[in-house]
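I opened this model to take notes on its helices, its buried residues and its aromatic rings. The entries follow in the order in which I looked things up.

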Amino acid sequence: MKNTLILICSIAFLFSCFKKEDNSNEAMVSISNKDTITADSNPYMKNYKNVTRMKKLLDDAIINGDTISYQDAYKNFIISDNSQQFLYYSIKMARRNNYSRAYFDTYSILNLLDKKNGFVSESDKNESLFYLLKAYEKGDINAKYKLDDLYTKKNTKIPSSSSLLIK
């Protein structure tokens, strides 16, 4: 009797294990049948295409000097590969609000466009360097590191931005 009871418990235990495994497989199948994985589209592209949102960000940035709105707009333009369209706004933000980061962004965009389009001339280099020097003079840390690479590490004095206007 004792052996029969052990045998019945063992069989019941085995069936319960198989039953749980079957349920888990059914659950996996039902999940995979119901859910499909879709790739999220680029949120920066969505933001860039939202004309009302972009206008508000750019107005807040340029008219009100809102640096956070400026940086948000910058990310949306750059990541959506529309840096050329942002160049106007970075120049406007730099000049109107004397914002050091906008001077550096203008330098970066000009260099990016020059490398991308292959039209680097001496005047283009001077113009982008002018914006880099203005960013440095306004205290932008990125400009400082870039100028360290271009001048300080070569034991050359960093020029002033106004010295480039003479050329």
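Entry 1, terms. Before reading anything off near a helix end, I fix what a helix is here: a DSSP run of H or I with at least four residues, numbered from the N terminus. The model is a predicted one, and I kept local features to pLDDT of at least 70.

Entry 2, helix H3. With the helix runs set, I looked at what comes just after H3 and found Gly-65 with a positive phi of about 70 degrees. I then checked the span of H3. Its 14 residues should span 20 Å at 1.5 Å a residue, and the end C-alpha atoms are 19 Å apart, so the two agree. I listed the buried residues of H3 as Met-54, Leu-57, Leu-58, Asp-60, Ala-61 and Ile-62.

Entry 3, Asp-60. I picked the acidic residue from that list, Asp-60, which sits in helix H3 (residues 51-64). Is Asp-60 buried or exposed? Its relative accessibility is 18%, and the cut-off for buried is under 20%, so Asp-60 counts as buried. Setting aside neighbours within four places in sequence, I find Asp-60 in contact with Gly-65, Asp-66 and Ser-69. Gly-65 is the residue with the positive phi just after H3.

Entry 4, helix H4. Asp-66 came up again at the next helix: it caps the N-terminal end of H4, with a side-chain oxygen 3.1 Å from the backbone nitrogen of Ile-68. I noted 13 residues in H4 and a reach of 18 Å from first C-alpha to last, close to the expected 18 Å at 1.5 Å a residue. The buried residues in H4 are Ser-69, Tyr-70, Ala-73, Tyr-74, Asn-76 and Phe-77. They lie on the same side of H4, because the arc they cover around the axis is only 165 degrees. After H4 comes Asp-81, and I read its phi as positive, near 60 degrees.

Entry 5, Ser-80. I went into the loop between helix H4 (67-79) and helix H5 (83-97), where Ser-80 lies. Ser-80 has a relative accessible area of 6%; the limit for buried is under 20%, so Ser-80 is buried. What does the side chain of Ser-80 reach? I found it 3.2 Å from the backbone oxygen of Phe-77. The side chain of Ser-80 also makes a polar contact of 2.9 Å with the side chain of Asn-82.

Entry 6, helix H7. I counted 16 residues in H7, with 22 Å from first C-alpha to last, close to the 22 Å expected at 1.5 Å a residue. Its buried residues include Asp-124, Asn-126, Ser-128 and Lys-134 as well as Leu-129, Phe-130 and Tyr-131. Just after H7, I noted Gly-139 with a positive phi of about 95 degrees.

Entry 7, Leu-129. I placed Leu-129 in helix H7 (residues 122-137). Leu-129 has 15% relative accessibility and therefore counts as buried, the cut-off being under 20%. With neighbours within four places in sequence left aside, Leu-129 is in contact with Tyr-107, Leu-147, Tyr-151 and Leu-164. I also took a C-alpha distance: Leu-129 and Ser-161 are 7.9 Å apart in space and 32 residues apart in sequence.

Entry 8, aromatic rings. I counted ring pairs with centres within 6.5 Å and got eleven aromatic pairs. Phe-130 and Tyr-131 form one that is edge-to-face, at 5.3 Å centre to centre and 80 degrees between the planes. I looked up burial for both: Phe-130 has a relative accessible area of 16% and is buried, and Tyr-131 is buried at 2%. Which residues form one aromatic cluster? I wrote down Tyr-70, Tyr-74, Phe-77, Phe-86, Tyr-88, Tyr-89 and Tyr-99. Tyr-70, Tyr-74 and Phe-77 are also among the buried residues in H4.

Entry 9, whole chain. I closed with the totals. The chain has nine helices and zero strands. Of its 167 residues, 31% count as buried. Among contacts with a separation of 6 or more, I found that residues 24 or more positions apart account for 52%. The accessible surface of the chain comes to about 11600 Å², and 57% of it belongs to carbon and sulfur atoms.

Conventions:
Residues are numbered from 1 along each chain as its sequence is written. Side-chain values use heavy atoms; hydrogens and water are left out. Buried means under 20% relative accessible area, exposed over 50%, partly exposed in between (1.4 Å probe, protein chains only). A polar contact is a pair of N or O atoms within 3.5 Å; within protein, one must be able to donate a hydrogen and the other to accept it, and residues adjacent in sequence count only if both atoms are side-chain atoms. Contact means heavy atoms within 4.5 Å. Accessible areas come from the Shrake-Rupley method with a 1.4 Å probe; for residues, only the protein chains shown count as cover. The expected span of a helix is 1.5 Å times one less than its number of residues. The arc is that of the directions from the helix axis to the C-beta atoms. Rings of Phe, Tyr and Trp (its six-membered ring) pair if their centres lie within 6.5 Å; planes under 30 degrees apart count as stacked, over 60 as edge-to-face and the rest as tilted.
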